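Reader: I'm new to reading protein models, and I'd like a close look at one single part of this one. Could you pick a residue, walk me through its surroundings, and then show me how the rest fits around that?

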Amino acid sequence: MGECLEQFWQYYGQKARTQTRDTRQYGLAYLSGLLRMESDRSMAEVGRKTGVSEQNMQHFMSQSPWSARAMIEQMQSEVMNRQELMGGMLILDESADAKSGKVSAGSGRQHNGRLGKVDVCQVGVFLTYAKDGIWTWIDGELFLPEKWLSDAYAARREKVGIPPQRTFQTKIELGWQMIERAQAMGLPFEAVAFDSLYGRNTQLRTQCQANGIEYYADVPCNQQVYLTLPELVYPITKHSRPSKYPQVVGQDPVTVESIANDRQTDWQSLVIRPSERGMLEAEFARHLIWTVDKDGTIREETLLLRRDPKKVTYSLTNAPTDTPLLTLAQRKTQRYFVERSIQDAKSELGWDEFQAIKYRAWQHQLALTLLASWFIAETRLDWRAEHPQDPTLSQDYETDVLPSLSMANVRQLLRATLPLPQLSTEQAALLIVKHLDNRTRSRRSRLKNHSGP
């Protein structure tokens, strides 16, 4: 496993070189730390655990001008080269991470879905690629609240290194930017899926449709649709001119929830895929519907319904109307893997332990976390090919599905072959003294900043 990781980094580490310095060894140390360490994966701690000075690791992550985007694109090209991943799914989602202050790039009071409230946090928009139970982060963008691009934040932008050409983009726009990049790169995906924050946005669905991308867009239960092709009229305004905004005549919209509750809706019980808890099974139904945008664009879509014992979920798709219901259901349920990949990035790779102020540090952290995620995915693919499961085991265990190698399994193998160093008594004492010294200096600095005239 150690040799595999070194060979893996030899290929990608070329992108961590700059015109003046070769800092590839710091990248390998950081990637190795993310994969092996259990907690406290700050830049300083990763450096200490992997034998790199804190100052060098901080510079490599926050200051060194190596291109995170070039490294990500190289990784994406390798995903394309794996035949086992042809015809996968792209899944879009966001994730917030709480911050103790508002100095980090993009941090501020905004909605933190993980906590279910508005709090000080950083929000990233992420793209996951998944196929046949293998998943990996494939791309990401840091969301910058609109105030961060205002004149009042000019000095703060310069301090954290936000590029001058960066303009305000909504999360939907960032999501489409990543989907567009993936399509331009040639990633072999069959469709994209996103939750209701993105799914109810007509612009995103329109862009997917215009670019020939099949989508599965979750929508809320009160999403309004039409059961027959709408007829539009443009009312005359008080200025004797046609209104810019059309009205539908001859029928009223209905909510997707009302369609789910209609006794005429044809529900079918489908087995989707094997899971750790058995077979994933649910009831699905579909209904041809039409939606109308504010500008009068009429869109024919299929409403895909999923009913579990606890809830009903709703999705709109532009998939061909003759697509088998099982295929629609299998693609809709791929959204699970973006949630899983975000959870893995945080619990297994330390994404939510990242602490830095600089915008460049966030980009570098993203690139190396994507590589860590891809290293796990490649290892699982190679293991599956080189060590096929013995069919007699299913009989011995009296089960129809055997579990595959997990991210936690791969990380455990790495820790066994590349054990982390243990602190000596003297090293531990020095570390504690340094920690107390930093806390004292931090307190003195805060007292100076808050002192009166």
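**A close look at phenylalanine 126**

Author: Let's start with phenylalanine 126, which is buried because its relative accessible area is just 1%, and the cut-off for buried is under 20%. Keep in mind that you're looking at a predicted model.

So where does this residue sit? Phenylalanine 126 belongs to strand E3, which covers residues 117–131. Now look at what surrounds the ring. Leaving out residues up to four places away in sequence, phenylalanine 126 touches Ile91, Leu92, Asp93 and Ser95. Further along the chain, the list goes on with Trp137, Asp139, Gly140 and Met178, and then come Trp351, Trp362 and Leu366. There's also a C-alpha distance to check on your screen: phenylalanine 126 and isoleucine 138 are 12 residues apart along the chain, and their C-alpha atoms are separated by 7.7 Å.

Contacts between distant parts of the sequence turn up across the whole protein. Among contacts with a separation of 6 or more, 67% are between residues 24 or more positions apart. Buried residues make up 47% of the 453 residues, and phenylalanine 126 is one of the buried ones.

Next, try asparagine 112, at the end of strand E2 (residues 108–112). Asparagine 112 counts as buried because its relative accessibility is 2%. Setting aside neighbours within four places in sequence, asparagine 112 is in contact with Ala96, Asp97, Ala98, Lys117 and Cys121.

Lys117 is a handy link to the outside, since that lysine also helps form a positive surface patch with Lys102, Arg109, Lys147, Arg156 and Lys159. Take one member of the patch: arginine 156 lies in helix H6, residues 154–160. Arginine 156 counts as partly exposed because its relative accessibility is 34%. Over the whole protein there are 56 positive and 54 negative side chains, and the centres of those two sets lie 10 Å apart.

The surface has a nonpolar patch as well, made by Val271, Met279 and Val401 and covering about 220 Å². Find valine 401 in the loop between helix H14 (391–397) and helix H15 (407–417). With 33% relative accessibility, valine 401 counts as partly exposed.

Now hop to another loop, the one between helix H2 (24–36) and helix H3 (43–50), where you'll find aspartate 40. Aspartate 40 is partly exposed, at 42% relative accessibility. Not counting residues up to four places away in sequence, aspartate 40 touches Glu45 and Glu353. Glu353 is 313 residues away along the chain, yet the C-alpha atoms of the pair are separated by 6.3 Å.

H2 and H3 come up again around helix H4 (residues 54–62). The buried residues of H4 are Met57, Phe60, Met61 and Ser62, and their cover includes H2, H3 and helix H13 (359–386). Remember Trp362 and Leu366 from the contacts of phenylalanine 126? Their numbers fall inside the range of H13, 359–386.

Finally, zoom out. The protein has 16 helices and 14 strands, and its C-alpha trace spans about 80 × 75 × 40 Å along the principal axes. Its accessible surface comes to about 23,800 Å², with 48% of that belonging to carbon and sulfur atoms.

Methods
Residues are numbered from 1 along each chain as its sequence is written. This is a predicted model: local features need pLDDT of at least 70, side-chain atom pairs count only at pLDDT 80 or more; totals for chains, interfaces and linings use all residues. Side-chain values use heavy atoms; hydrogens and water are left out. Patches are made of residues with over 30% relative accessible area and no salt bridge: like charges are joined within 9 Å, nonpolar side chains (Val, Leu, Ile, Met, Phe, Trp, Tyr) within 5 Å. Accessible areas come from the Shrake-Rupley method with a 1.4 Å probe; for residues, only the protein chains shown count as cover. A salt bridge is a side-chain nitrogen of Lys or Arg within 4 Å of a carboxyl oxygen of Asp or Glu. Lys and Arg count as positive and Asp and Glu as negative; His and the chain ends are not counted. The place of a charge is taken as NZ of Lys, CZ of Arg, CG of Asp or CD of Glu. Helices (H or I, at least four residues) and strands (E, at least two) are DSSP runs, numbered from the N terminus. Buried means under 20% relative accessible area, exposed over 50%, partly exposed in between (1.4 Å probe, protein chains only). Contact means heavy atoms within 4.5 Å.
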